[in-house]
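Let's take a friendly look at one protein model. Have the sequence and the 3D view handy as you read.

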Amino acid sequence: MNRQKAFATFSLLLFILLLFLLSIPQSALANDVAQLPTVAIPTVTSTPSGPMAIVVPGSETQINLRSGPGMFYDKVGVLLVGQKVPAKGKSPGGAWILVEYPGVQGGQAWVFANYVRIDPPRELPVVEIPPTPTPQVTNTIDPTLAAKFIVTVAPTRLPTYTPPPPLNIPTFQSQGSIAPAGIPMGLIILGCAALGVFFGLISFVRSR
């Protein structure tokens with residue numbers, strides 16, 4: 001009975017010791033791996049992103065990207081409001097901004113400067129403008145078709161001018177003197193003046 005108890009006790013101690021020995025190498029190996037790496041750890045460094053062109057809110061929900069700084073260049077893509085892309089330069093007048101746009105030839109495109117803002121604000125370098133695209137179809141005018149829209153007005157002769165009839169201006173005949181025939185007008189005037197003086201003297205005498 002005592003041997004069985006001793007054997008059980010010994011077995012229990014041996015089992016505990018085995019568990020302790022198994023736990024020691026694992027923790028030591030974990031510490032060794034954490035402290036002494038076997039491979040080189042790359043150093044994480046940050047690279048400056050540079051100025052970014054951010055699409056500002058406006059009347060449109062998206063803006064066009066073109067192959068050159070002008071409306072006559074081909075449309076190559078779009079940007080949404082709030083989207084930002086790296087800004088690389090500007091046109092000589094500053095009206096267009098050159099931005100990175102993967103997926104197109106050269107990986108760059110142009111956007112109208114009024115639709116974006118540069119963050120952080122800085123002066124962008126002036127870049128060389130790409131050549132003007134050649135139109136695929138040359139516009140020609142069909143002279144036969146154009147002649148249909150040309151209206152030629154035939155000259156018309158004006159009517160012959162007919163002068164109006166002469167105006168008939170009435171003339172008035174003089175009625176002559178109202179004085180009796182044979183008596184000069186001057187004599188009548190003198191007589192009236194004499195009568196006026198005469199009656200004036202009479203009035204003056206009576207008043208005294």
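## Charged pairs

A salt bridge here means a side-chain nitrogen of Lys or Arg within 4 Å of a carboxyl oxygen of Asp or Glu. Keep in mind that this is a predicted model. By that rule, there are two salt bridges.

Take Lys-88 and Glu-100: their closest N and O atoms sit 2.9 Å apart, so they count as a salt bridge. Lys-88 belongs to strand β4 (residues 84-90) and Glu-100 to strand β5 (residues 96-100), with their positions 12 residues apart in the numbering. Lys-88 is partly exposed, at 36% relative accessibility, and Glu-100 is partly exposed too, at 30%.

Then there's Lys-90 with Glu-123, where the closest N and O atoms are 2.2 Å apart. Lys-90 is in strand β4 and Glu-123 is in the loop between β7 and α2, so this salt bridge ties together parts 33 residues apart in sequence. Lys-90 is buried at 16% relative accessibility, while Glu-123 is exposed at 63%.

## An arginine without a partner

Which side chain of opposite charge is nearest to Arg-66? That's Asp-74, but it is 6.6 Å away, and the buried Arg-66 has no salt bridge. You'll find Arg-66 in strand β2 (residues 62-66). Its contacts beyond its sequence neighbours include Tyr-73, Trp-96 and Trp-110.

## The largest pocket

The largest pocket has a volume of about 230 Å³. Strand β6 (residues 108-112) gives the most to its lining, with three residues. Sorted by class, the lining has six nonpolar, four polar and one charged residues.

## A cis bond

Asp-119 and Pro-120 are joined by a cis peptide bond, with omega about -5 degrees. Most peptide bonds are trans.

Definitions and conventions:
Residues numbered from 1 in each chain as written. Predicted model: local features only at pLDDT ≥ 70, side-chain atom pairs only at ≥ 80, totals over all residues. Heavy atoms only, no water. Helix = DSSP H or I, 4+ residues; strand = E, 2+ residues; numbered from the N terminus. Buried < 20%, exposed > 50% of the residue type's maximum accessible area, 1.4 Å probe, protein only. Lys, Arg positive; Asp, Glu negative; His and termini not counted. Contact = heavy atoms within 4.5 Å. 1 Å grid on protein atoms, 1.4 Å probe; cavity = no way out; pocket = protein on both sides within 12 Å on 5 of 7 lines; lining within 4 Å. Points joined across faces, edges and corners; volume = space filled by probe spheres on them. Nonpolar A, V, L, I, M, F, W, Y, C, P; charged D, E, K, R; others polar. Lists of a residue's contacts leave out its neighbours within four places in sequence.
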